[in-house]
Amino acid sequence: MSAHQLILAIDTSCDDTAASVVKGTTVLSNVVASQTQLHKEYGGVFPTVAKLAHKEKIEATVHIALKRARVSPHDLDAVAVTQGPGLAPALEVGITYAKKSAEEWKKPLIPVNHIEGHLLSVLAHPKTKTVGAEPQFPILSVIVSGGHTQFVLVSSYGKYQVLGATLDDAAGECLDKIGRMLNLGYPAGPVIEEFAKLGNPTALKFPLPLTMVKNFDMSFSGLKTFVRNTLEKQTKPMTKPELYDFCASAQFAVFRHICYKLEKLLAVHHVAELWLGGGVAANMTLRKMLRNIARKNGMQFRVPYTKKLCADNAAMIGVTAKLTGKALKVEDFTSIERLPRMGL
Ligand code: KG4
Ligand code: ZN
């Protein structure tokens, strides 16, 4: 696909209805209708509620994305949509809408993997900046979100090898569950980050998981259990400073585990660049820890240019469609089905 092609991208993989217009890897608009408030009372995402909200919001979200980009449907070269992984009923809404629109506007449709979207989100750039330096392969991408935590070796665009992944909870999910036990609301990651700034990360001695295992897999469920056991032993409510120390220590334990495994991995696999993507990549402490590792290893470090590109969004889907996507004609649209467990 040429560098300047216009793509309308749609993502409804989880609890955000997202639409974006990209021109090559330039983001012209990036609209996200959040459902956070709807899911707050469940302390997590409720699939049928997500489906209904996507259905209600998708039309307006796409309309706003086109309007902000000053693009009419006829100007588009293609439509892109997240095929998976994600919640089946939620994915279905985006795919159905994308098929209908692409057919009506006579445009090809590009199915995209949501994890690949997080991975390539570091290459998106705003209108005000020119394209950054060409990526130097091989690259190690660290994807840390509410649904995934993995180390991916990128040998070229579209060629991925997962070298390590969480065996249980994702890092963001772990932070959310810890936050729930501390009554911090949902999602808790950003709140924990704010409280952690006021606390001491070494106040509590959390375990470092899987040090006896030589591979690069991770496990966060033990950290969650450590929190539960610690809270159960407490006889009186925490003071504010104690809560800040608790958050700083818990956050540090989660990130230290990722960094410990990452450093082991980089000792074996030599790469030119280190990338960080996914919702938790918005965290400044995690960025700092990874930037230090990159510097120590003489690697270039890349994160998305704005926090909006870390959380679920459709701009990353558009950029991925441009860089690695395969455009399908209307007669092949039926082959695009939701893939809730799609791997890289
Ligand atoms: O990528 P994302 O929006 O959705 C998934 O595909 O999972 O990631 C959401 C996750 C949540 O677990 C949320 O708590 C976490 O990212 N998160 C953060 C921060 N912002 C979002 N975790 C730590 N620090 C943050 N600033
Ligand atoms: Zn995501």
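Glu273 has 0% relative accessibility and counts as buried (buried is under 20% relative accessible area, exposed over 50%, partly exposed in between; 1.4 Å probe, protein chains only). The exercises below start from there.

This is a predicted model: local features need pLDDT of at least 70, side-chain atom pairs count only at pLDDT 80 or more, and totals for chains, interfaces and linings use all residues. Residues are numbered from 1 along each chain as its sequence is written, and side-chain values use heavy atoms, with hydrogens and water left out.

**Exercise 1.** Find the salt-bridge partner of Glu273 and place both residues.

*Solution.*
- Apply the criterion: a side-chain nitrogen of Lys or Arg within 4 Å of a carboxyl oxygen of Asp or Glu.
- Arg302 meets it, with the closest N and O atoms 2.8 Å apart.
- Arg302 lies in strand 11 (residues 300–302) and Glu273 in strand 10 (residues 273–277), so the pair ties together parts 29 residues apart in sequence. Strands (E, at least two residues) and helices (H or I, at least four) are DSSP runs, numbered from the N terminus.
- Check the partner: Arg302 is buried, at 9%.

**Exercise 2.** Which residue forms a salt bridge with Arg338?

*Solution.*
- The partner is Glu92, at 3.3 Å between the closest N and O atoms.
- Glu92 sits in helix 3 (residues 88–105) and Arg338 in the segment after helix 10 (315–324), so the bridge ties together parts 246 residues apart in sequence.
- Arg338 is partly exposed at 36%. Glu92 is partly exposed at 31%.

**Exercise 3.** Trace the network that contains Glu173.

*Solution.*
- Glu173 pairs with Lys177, closest N and O atoms 3.3 Å apart.
- Both lie in helix 5 (residues 171–181), 4 residues apart, about one helical turn.
- Salt bridges link Asp169, Glu173, Lys177 and Lys224 in a network.

Definitions and conventions: Chains lettered and ligands numbered in written order.
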